[in-house]
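Please open the model in your viewer and keep the sequence beside it, so that each selection can be followed in both.

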Amino acid sequence: MECVMCKSKTFYTASEVGSRGHFDLLPGTGFFSHAHFTQRICTECGFVHWFVDGDNLEKLSQSDYYRRETLE
Ligand SMILES: [Zn+2]
């Protein structure tokens, strides 16, 4: 893996980051209330990479809030 911004390969990684808190990480998707994430922060530029864990990634296709896009 490399940072999408600066191409560095070194990260600070936190697994099992919970969405339960004072802000909504996946707005408009009530079924994500117990979702967990892996977070990787680039050690060079600070860009934060969020990864939705497990079955929750599949659930995004059912959400009206998120639209699927392919970006070049
Ligand atoms: Zn970076």
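Select the hairpin of E2 and E3 to begin with, where five residues lie between the strands and Gly-46 takes a positive phi near 85°. Bear in mind throughout that this is a predicted model.

Widen the selection to the two strands themselves, E2 at residues 36-42 and E3 at residues 48-52, which run antiparallel and are joined by five bridges. To look at a particular pairing, pick Thr-38 and then Phe-51, its bridge partner in E3.

Go next to strand E1, which covers residues 11-18, and select Tyr-12 within that strand. Is Tyr-12 buried or exposed? With 11 C-beta neighbours inside 10 Å, Tyr-12 counts as exposed, because a residue with 12 or fewer such neighbours falls in that class. Setting aside the neighbours of Tyr-12 within four places in sequence, the residues with which Tyr-12 is in contact are Ile-41 and Thr-43. If you draw a distance between the C-alpha atoms of Tyr-12 and Thr-43, the viewer should give a separation of 6.5 Å, although the two residues are 31 residues apart along the chain.

Finally, show the whole chain and trace the elements from the N terminus on, where their order is β-β-β-α, with three strands and one helix in the chain. Colouring by burial adds a further view, since 6% of the 72 residues of the chain count as buried. A contact map is also worth opening here: among the contacts in the chain with a separation of 6 or more, 49% come from residues 24 or more positions apart.

How values were computed: Residues numbered from 1 in each chain as written. Predicted model: local features only at pLDDT ≥ 70, side-chain atom pairs only at ≥ 80, totals over all residues. Pairing = 2+ DSSP bridges. Helix = DSSP H or I, 4+ residues; strand = E, 2+ residues; numbered from the N terminus. Buried ≥ 20, exposed ≤ 12 C-beta atoms within 10 Å, placed from the backbone. Contact = placed C-beta atoms within 7 Å.
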